[in-house]
Amino acid sequence: MPQNAGSSATAGGLSRSARSLRHLIAGEWRSGDGDELVDVNPARPHETVAVGRLAQDRDLDQAVDAARDVFPRWAATPHHLRARILDRAADILDAYTEPWGEELSWEEGKTRAEGIGEVRRAAEILRYHASEASRPAGEVFASPRPGEQIQVIHRPLGVIAVVTPFNFPVAIPAWKIAPALGYGNVVVWKPAGLVPLLAVRLAEALVEAGLPEGVLSLLIGDGALGGRLVEHPGVDAVTFTGSTSVGRGLIAACGRLARPVQTEMGGKNAAVVLSDADLELAADEVLAGAFRAAGQKCTATSRLVVEEPVADEFLALLTERAAALRVGDPLEEGTEMGPVVSLKARDDIQRAVDAGTARAGVDLLTGGRPYDDERMRGAFLPPTVVELAGDDPLWREELFGPVLSVRRARDIREAFTLADDSDYGLSAAVFTDDLRAVAAATEQVDVGVLHINSETAGADPHVPFGRAKQSAYGPKEQGRAAREFFTRTKTVYVRPSQWREQ
Ligand code: UN1
């Protein structure tokens, strides 16, 4: 039973005694001796979720050395045996969905249901990548020479630096670590310092499942440690999800080192509601896209384009539902939206909203003002909808919070032009049953993921996930796309000697 960080068993609810954080280095759980890290509950920032000490440079060196040592053995382990470990780890996550899902909610702030759902989702991701073991391992091509065969096989890259964000503390790490390990790589992982507890849980599941020592190391550290990990001479490739500014820094560093890098960064995703849409459905989906996880998904709906004939009716429906959302302690029954991840995030988002609503052409439809209630002293923000008369920073800048910016469009053409009017291009949603509009959206809206009649967020493990435009860099994630990043091909010409021409 994985218990490294302390109590996770719950008899009738989460035990709120602070957990202790450990690093996993070269197969050993260690306390670390860097600065103290205090991990707090964003709904009640005086409440400590976990405490530990940051990892230091020598921990990083040891983790990378252990990874390099074990890599040849892990790469030579049959794919099916590696897959079995991922499957077992999935079983452990499934067995712990409740206690770990509650810890996730406690630590990150998404609702209990979302926390539990995320742990379950991580299990599915591990299972999907385990199932890759039974799919074709490469391709065989005909040769222009008699008797010869040309094989294109996939080989692991080596040591992968995995750097993950706060907003999906287990799902995003799972979708990077599972394919990395499944294809025979070894991993040194630095999760966001805001959610270290769930990182420990995922690492515990993998260790418990039988992962050999050194194949995965977990270092809890600050951004500077992440930077040193990415540039470490013993690292072969880097996968990152997080902010655009950090991502671009990593891309530049990896460019200098000619090191493969994959980044998933910002989004400013639009939902488009056309005049034939089912407005009830669209309102529910836009609400989910904009306010689940308090809008802290790179796939969240942060822009809305409504076609003029239905705009008044739709906005009335949407703002009424947004205002009625129950915001509060994410672990409490009935809460529909929890806090954002930290007081700093709350203040940054609030500042951007205040600056926006002070500008001409920005009309606050609902939310927008901080809570003054004693129980809402945590990192809470209300679901906020603003209507914009034209271009505005609220239309362009990713706020990563529960803020939706709306513009009206005269017709379908203008609606798609507005949806596409962003430097980002991760996802979009179009609400319509008009096949011509669907075809036009598929053609014109430059995004990596397009939803018809469903919210902009969401990603199934067996299909490619990722960007267009400036939302990302490098090969996509998930599905078979993951193989493109986590392996390199080797072209093997196989010619039996007896075929040599006489
Ligand atoms: C989802 O939409 O469920 O950081 C997943 C993010 C994305 C993952 C989104 N990389 O929010």
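Is Arg 19 buried or exposed? Arg 19 is buried, at a relative accessible area of 2% (buried is under 20%, exposed over 50% and partly exposed in between, with a 1.4 Å probe and protein chains only). Before the close-ups, a word on the model: it is predicted, so local features need pLDDT of at least 70 and side-chain atom pairs count only at pLDDT 80 or more, while totals for chains, interfaces and linings use all residues. Residues are numbered from 1 along each chain as its sequence is written, and side-chain values use heavy atoms, with hydrogens and water left out.

**View 1. Arg 19 pairs with Glu 103 in a salt bridge.** The closest N and O atoms of Arg 19 and Glu 103 are 2.8 Å apart (a salt bridge is a side-chain nitrogen of Lys or Arg within 4 Å of a carboxyl oxygen of Asp or Glu). Arg 19 sits in strand S1 and Glu 103 in helix H3 (residues 97-108), so this pair ties together parts that are 84 residues apart in sequence. Helices (H or I, at least four residues) and strands (E, at least two) are DSSP runs, numbered from the N terminus. Glu 103 is buried too, with 0% relative accessibility. The two side chains also count as a polar contact, again at 2.8 Å. The side chain of Arg 19 has another partner to look for: the backbone oxygen of Ser 17, at 2.6 Å. A polar contact here is a pair of N or O atoms within 3.5 Å; within protein, one must be able to donate a hydrogen and the other to accept it, and residues adjacent in sequence count only if both atoms are side-chain atoms.

**View 2. Glu 47 meets Arg 16.** Here the two side chains form a salt bridge, N to O at 2.8 Å. Glu 47 belongs to strand S5 (residues 44-53) and Arg 16 to the segment before strand S1 (19-20), so the pair links parts that are 31 residues apart in sequence. Glu 47 is buried, with a relative accessible area of 15%, whereas Arg 16 is partly exposed at 33%.

**View 3. Arg 375 and Asp 373, plus a salt-bridge network.** Arg 375 bridges to Asp 373, with the closest N and O atoms 2.9 Å apart. Arg 375 is exposed, at 67% relative accessibility, and Asp 373 is partly exposed, at 28%. Elsewhere, Arg 19, Glu 103, Arg 201 and Glu 204 are joined into one network by salt bridges that share partners. In total, the structure holds 38 salt bridges. Side chains of opposite charge can pair when their charged atoms come close.

**View 4. The ligand and the residues around it.** How many residues surround the ligand? There are 13, and the closest are Arg 121, Asn 167, Cys 298, Thr 299 and Gly 458 (a residue is near a molecule if one of its heavy atoms lies within 4 Å of it). On the side-chain front, an N or O atom of Asn 167 is 3.0 Å from an oxygen atom of the ligand. Backbone atoms join in as well: an N or O atom of the Cys 298 backbone lies 2.6 Å from a ligand oxygen, and a polar backbone atom of Gly 458 is 2.6 Å from an oxygen atom of the ligand. On its own the ligand has 320 Å² of accessible area, and the protein covers 98% of that (areas come from the Shrake-Rupley method with a 1.4 Å probe).

**View 5. Ala 258, an alanine with positive phi.** Phi of Ala 258 is near 50°, a positive value in a residue other than glycine. Most residues other than glycine have a negative phi. Look for Ala 258 in the loop between helix H8 (244-257) and strand S12 (261-264), where Ala 258 is exposed at 69% relative accessibility.

**View 6. Ala 294, not a glycine but with positive phi.** Phi is about 50° for Ala 294. Ala 294 sits in the loop between helix H9 (279-291) and strand S14 (301-307). Is Ala 294 buried or exposed? Ala 294 counts as buried, with 2% relative accessibility.

**View 7. Asp 411 in its loop.** Asp 411 is found between strand S17 (403-409) and helix H13 (412-419). Asp 411 is partly exposed, with a relative accessible area of 35%. From Asp 411 to Glu 132 the C-alpha to C-alpha distance is 45 Å, and the two are 279 residues apart in sequence.
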